[in-house]
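User: I would like a close look at one part of this model, with its surroundings worked through afterwards. Please keep the account plain and go from one site to the next.
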Amino acid sequence: MPASPSTARAINDRLALRLLQHEGPLTAGRLKQLTGLSRPTVADLVERLTASGLITVVGESGEVRRGPNARLYGLVADRAQLAALDVRTEGAFVLVSDLVGRVLAEVSVPIGGDTGTGPAVEQVVTAVERTAKEAGADRLHTVGIGAPGLVDPATGDLRDSGGLPAWHRRLAAALQERLPEARVRVENETNLAALAEQREGAAHDRDTFVLLWLGHGVGAAVVLDGALRRGASGGTGEIGFLPVPGTPSLPSARDCDGGFHSLAGAAAIGALAREHGLPAADDTDGPGAAEAVGAAVARLTASAAADGPAHRFLDALADRIAVGAASVVAILDPGCVVLGGEVGRAGGAVLAARVEDRLRGMSPLLTEVRPSTLGGTAVLRGALLTARDRAQDELFGPAAR
């Protein structure tokens with residue numbers, strides 16, 4: 001059945017708002033081209049959305065001819081404020097933005113290893129409140145949190161994971177209690193990094209790819225046909241538990257030691273660097289492993305000795321990473337693997353090329369390996385993008401007009 005006039009208007013409005021979300025400010029003429037609607041229909045929807053306080057004139061296009069046709073229309077940025085958090089073992093990064101994603105204020109919140117659960121939660125919640133106030137936000141509409149570990153798809157809660165601080169699991173509930181009007185959402189950090197790489201980074205031209213996270217631990221995020229896949233229990237991509245050759249034991253349900261984590265986690269990378277005569281701390285963490293890999297890349301770039309310790313270390317590391325990547329490729333055939341996390345960022349194109357070369361020899365499935373282009377900002381950008389999408393979907397839905 002044909003849509004009623006009111007339904008047709010709602011559909012057209014939604015289409016225009018979606019284009020402004022993803023394309024940025026547009027002229028009425030450009031909206032006409034992108035939507036395929038008639039000029040009078042576009043003029044009506046622009047007037048309607050402006051009167052509703054959803055869009056406004058934000059400037060003029062660069063056309064020589066001025067006047068109404070050159071006006072650029074954009075979303076009303078101050079209609080809502082958002083917060084994004086990147087939660088780490090040693091602390092959290094917090095930023096507050098407007099509805100179009102422009103950062104208004106940000107802060108880093110270090111949490112000492114001996115800080116109790118209650119005080120740690122209070123430090124982060126207080127930082128969110130203080131940052132929102134600094135940004136001039138009376139209230140936050142949506143708060144997006146990226147954290148390591150499994151997120152229960154039924155409840156949205158961060159599940160208990162061995163080795164992670166207890167304050168991580170308490171944080172979302174504490175924020176919801178202190179910010180009762182906000183929508184607080186938690187997502188796995190690797191999933192958020194993948195969404196950011198898909199929208200703004202290394203996978204911007206890919207509908208299907210896998211992000212391989214290499215940091216303190218290892219993980220993966222799977223995007224198939226443009227959609228992030230979380231799995232029945234939220235555990236898609238938990239490849240730290242993947243049984244692989246080259247480890248002395250098998251992983252268990254509570255401990256990924258013996259799995260791929262034991263080959264490519266930070267501690268294993270530190271040990272591998274020391275085996276090749278390269279400096280690395282005995283208790284190597286994510287940043288420490290990244291430092292060792294980055295130093296090897298720099299040393300290799302500066303030296304003509306192709307058979308030096310740095311070369312052998314990076315070759316051995318690529319061998320290990322390819323073991324886990326090949327398993328993912330054999331199951332999913334993603335066509336593209338992005339190396340993210342601190343180690344992936346430090347290895348850059350040098351490490352990515354080595355992993356791609358090994359995958360070519362291990363699998364008949366053609367797979368491009370790319371380094372992350374967002375680096376350390378990927379999780380925070382992903383948290384902000386998801387918070388922005390959720391807020392815009394709610395504010396720009398039919399009920400908002």
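Where is the place of aspartate 333?

Analyst: This is a predicted model. Aspartate 333 sits in the loop between helix H10 (309-332) and strand E11 (336-340). Its phi is positive, about 50°, although the residue is not a glycine. Aspartate 333 has a relative accessible area of 42%; it therefore counts as partly exposed, since that class runs between 20% and 50%.

A second aspartate can be set beside it. Aspartate 225 is not a glycine either, and has a positive phi of about 50°. The loop that holds aspartate 225 runs between strand E9 (218-224) and strand E10 (227-229). At a relative accessible area of 66%, aspartate 225 is exposed, whereas aspartate 333 is partly exposed.

Beyond strand E11, the next element to consider is helix H11 (residues 341-362), which contains glycine 361. Glycine 361 is exposed, with a relative accessible area of 70%. From the C-alpha of glycine 361 to that of proline 287 is 30 Å, and the two residues are 74 apart in sequence. Proline 287 belongs to the H9 side of the contact between H9 and H11.

In that contact, the axes of H9 and H11 are 7 Å apart and the helices pack at an angle of about 35°. The crossing of H9 and H11 is left-handed. H9 contributes Gly286, Pro287, Ala289, Ala290, Val293, Gly294, Val297 and Leu300, while H11 contributes Glu342, Val343, Ala346, Gly347, Val350 and Arg354. Sorted by class, these residues are nine nonpolar, three polar and two charged.

H9 also packs against H8. Helix H8 (residues 266-275) and helix H9 (residues 286-302) have axes 8 Å apart and an angle of about 35° between them. The crossing of H8 and H9 is left-handed. Ala266, Ile269 and Ala273 of H8 meet Gly286, Ala289, Ala292 and Val293 of H9. This contact has six nonpolar residues, one polar and no charged. Gly286, Ala289 and Val293 of H9 thus take part in the contact with H8 and in the contact with H11.

Next come the empty spaces. The structure holds one cavity of 30 Å³ or more, and the largest cavity has about 40 Å³ of space. Its lining consists of Val87, Ile145, Ala147, Leu158, His168, Leu171, Ala172 and Val186. Strand E6 (142-147) and H5 each supply at least two of the lining residues; H5 gives the largest share, three residues. The lining has seven nonpolar residues, one polar and no charged.

The second largest pocket has a volume of about 330 Å³. Helix H5 (166-178) and strand E7 (183-188) are the elements that give two or more residues to its lining. Of the 17 lining residues, Thr155, Gly156, Asp157, Arg185 and Val186 lie nearest the centre of the pocket. Seven of the lining residues are nonpolar, three are polar and seven are charged, while the lining of the largest cavity has no charged residues. Val186 is part of the lining of the pocket and of the lining of the cavity.

Glutamate 189 lies in helix H6 (residues 189-200). Its relative accessibility is 9%, so it counts as buried, the limit for that class being under 20%. Setting aside residues up to four places away in sequence, glutamate 189 touches Arg88, Gly146, Ala147, Pro148, Trp213 and Val379. Among these, Ala147 is also one of the residues that line the largest cavity. Between glutamate 189 and leucine 175 the C-alpha distance is 18 Å, with their positions 14 residues apart in sequence numbering.

Last comes a residue of strand E1 (residues 55-60), valine 57. Valine 57 is partly exposed, at 43% relative accessibility. Its contacts, leaving aside neighbours within four places in sequence, are Arg71, Leu72 and Tyr73. Proline 25 is 32 residues away from valine 57 in sequence and 8.7 Å away in space, C-alpha to C-alpha.

To return to the site asked about, aspartate 333 is a partly exposed residue with a positive phi, placed in the loop between H10 and E11.

Technical notes
Residues are numbered from 1 along each chain as its sequence is written. This is a predicted model: local features need pLDDT of at least 70, side-chain atom pairs count only at pLDDT 80 or more; totals for chains, interfaces and linings use all residues. Side-chain values use heavy atoms; hydrogens and water are left out. On a 1 Å grid over the protein atoms alone, a cavity is a set of points where a 1.4 Å probe fits but cannot get out, and a pocket is an open set with protein on both sides within 12 Å along at least five of seven lines; lining residues have an atom within 4 Å of a point. Grid points are joined across faces, edges and corners, and a volume is the space filled by probe spheres set on the points. Helices (H or I, at least four residues) and strands (E, at least two) are DSSP runs, numbered from the N terminus. Ala, Val, Leu, Ile, Met, Phe, Trp, Tyr, Cys and Pro count as nonpolar, Asp, Glu, Lys and Arg as charged, and the others, Gly among them, as polar. Axes are lines fitted to C-alpha atoms, for helices over the stretch in contact, and angles run from 0 to 180 degrees between N-to-C directions. A crossing is left-handed if the near helix is turned anticlockwise from the far one by less than a right angle, and right-handed if clockwise. Contact means heavy atoms within 4.5 Å. Buried means under 20% relative accessible area, exposed over 50%, partly exposed in between (1.4 Å probe, protein chains only).
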